[in-house]
Amino acid sequence: MSASRSSGTTDALGPEEGPEGEPAGPLGGAAIPGAELLAALLDGMDAALCAFDADGTVTHWNREAERILGWSADEAVGRPGFAGWAVRRADADEVQGRLMAVMDGPGRQVHEFALLRKDGGRVLVRTQSAGVRSVDGKPAGVYCAFSEVHAQIDLERAIALSEALFEDASWGVVLVDVDLRPTVVNAHAARALGGGRTTLLGRPLGELIVQGVEDLEGALQHVLAAGAPPAPAELWVTLRTADGDRRRCWRSGFLRLASPLAEEPVPLGVGWLFQDVTAAKLAAQDADRVRFRSNQLHRASRSAAECEDPMEAATTSLDYALAGFADHALIDLVVGERLVRAAATPSDAPGPCLPVAGGGIPLRYAPGHPALQALDRTGSVRATAGARAAGEWATERRWPADSVHALCVVLRSRGRTLGVVTFLRAAHRTAFERPDAVYAESTADRVAASVDLHRSLAAGKDGYGTDSSRSGV
């Protein structure tokens, strides 16, 4: 069914006729007749459209108008206005007057009307109408495009939401194309990524993220292939900034974007929304770490209390402390003016801390050794290999070859310095930090108490022998 019953209007839009009276296309082939072309255009529109001539008679009616109101083009075209069929008679004059008033003025007018469906129901529509003029410039009629108000409001809400997300959102929003390059970045995301909203566009994510880009790109590829994941994902990344690398945790959600204009879903890319939860994650990790270490200290105290040999109690305390904390532990005790190795974990494999067989030989620590510094300062000393070769650095200090980070804590009991306990980490762990030193000092207090008891029992009295403490400390 043609959407038009006015052949003069549609013929005027058609191509010029060829010499034999047939329409000719631009390349000499047969052209689509004007009436059919106009009917196809009108019926393919997403909005409902109708038109009136200068007398108010309906001249055009497309399929979307039929879908909304239920009246077909056969039933609508040729009727004198909306009265009695598409509008209640009581409202017909007002509606018709407002629609036709635009014919004598410039521009478009927007109105909201309650129209009647063929089944008797009412539907609220929003209309945009404009006048149509003939070749000589005289008013020739009015065209009116309309849609259901709730659909229009939904569209406006979608547009408003999109604009708000890309302007004022308190989380990052990035649109990534199928090549995994940012195409739209909101202000929050630009700050998080360390760039401007325009300078980030089209750049590979690997230029912005030093570590963790594989996980992010893997998530984006999964969304393109299989759709959005059921829950947000937490991704740890390291960003390259002017102030150095920064490690961040982003709680990310992903949405696959598809074109609404295609019959089959055509991927346009991925919508990536994220929040920086680094502070919360670090706080949770710290809380978990403190909880675990407190539990380890409690277990160590319970186990040490069951040991008959105080030195066994000291090594037991170290065994509990090593879990998740360090790879090696050494106990060096003061004998005279020198340090002597009393107990240690295996240097070539994980294992318990055990007394050193045949001990008593002084350690050849060079001046400035971290253990000697801890004795001099009566406090904790942290050290790391840094850029130096780990094996060489550890060998010079008489430590296991895989040691990269060290923490030396002085052993103190009853106002005397008994020695040093050293915790060592391999390259797969991070360097010791201040919270680590606090934990190590709590462990050292328990070890020192056990060592003190061991020496007291060995001396047969409640004090130190003259050769068991470092003079002047």
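Two strands are taken to pair if DSSP finds at least two bridges between them. On this basis, the predicted model contains an open sheet of 6 strands, arranged in the order β14-β13-β12-β17-β16-β15 with antiparallel pairing. The edges of this sheet are formed by β14 (354-355) and β15 (381-384), each of which pairs on one side only. Within the sheet, β16 (residues 405-413) is joined to β17 by 9 bridges in the antiparallel sense. In this pairing, Ala406 is placed opposite Leu424 of β17.

Helix α13 packs against this arrangement. The helix lies across β12 (328-335), β15, β16 and β17, and its direction makes an angle of about 45° with β16. A link between side chains of the helix and the sheet is provided by Arg425 and Asp436, which form a salt bridge with their closest N and O atoms 3.6 Å apart. Because Arg425 belongs to strand β17 (residues 416-425) and Asp436 to helix α13 (residues 434-459), the pair ties together parts that are 11 residues apart in sequence. Both partners, Arg425 and Asp436, are buried.

A further salt bridge involves Arg434 and Glu441, whose side chains meet at an N to O distance of 3.6 Å. Neither partner falls under the 20% limit for burial or over the 50% limit for exposure. Glu441 has a relative accessible area of 25% and is therefore partly exposed. Arg434, at 46% relative accessibility, is likewise classed as partly exposed.

Salt bridges were also identified elsewhere in the model. Arg203 and Glu207 form one such pair, with 3.1 Å between the closest N and O atoms. Arg203 is partly exposed, its relative accessible area being 28%. For Glu207, the relative accessibility is 42%, so this residue also counts as partly exposed. In addition, Glu64, Arg67 and Glu148 are connected through a network of salt bridges. With a side-chain nitrogen of Lys or Arg required to lie within 4 Å of a carboxyl oxygen of Asp or Glu, the count for the model comes to 20 salt bridges.

The pairs described above thus include the buried Arg425 and Asp436, together with the partly exposed residues Glu441, Arg434, Arg203 and Glu207.

Key: Residues are numbered from 1 along each chain as its sequence is written. This is a predicted model: local features need pLDDT of at least 70, side-chain atom pairs count only at pLDDT 80 or more; totals for chains, interfaces and linings use all residues. Side-chain values use heavy atoms; hydrogens and water are left out. Buried means under 20% relative accessible area, exposed over 50%, partly exposed in between (1.4 Å probe, protein chains only). Helices (H or I, at least four residues) and strands (E, at least two) are DSSP runs, numbered from the N terminus. Contact means heavy atoms within 4.5 Å. Axes are lines fitted to C-alpha atoms, for helices over the stretch in contact, and angles run from 0 to 180 degrees between N-to-C directions.
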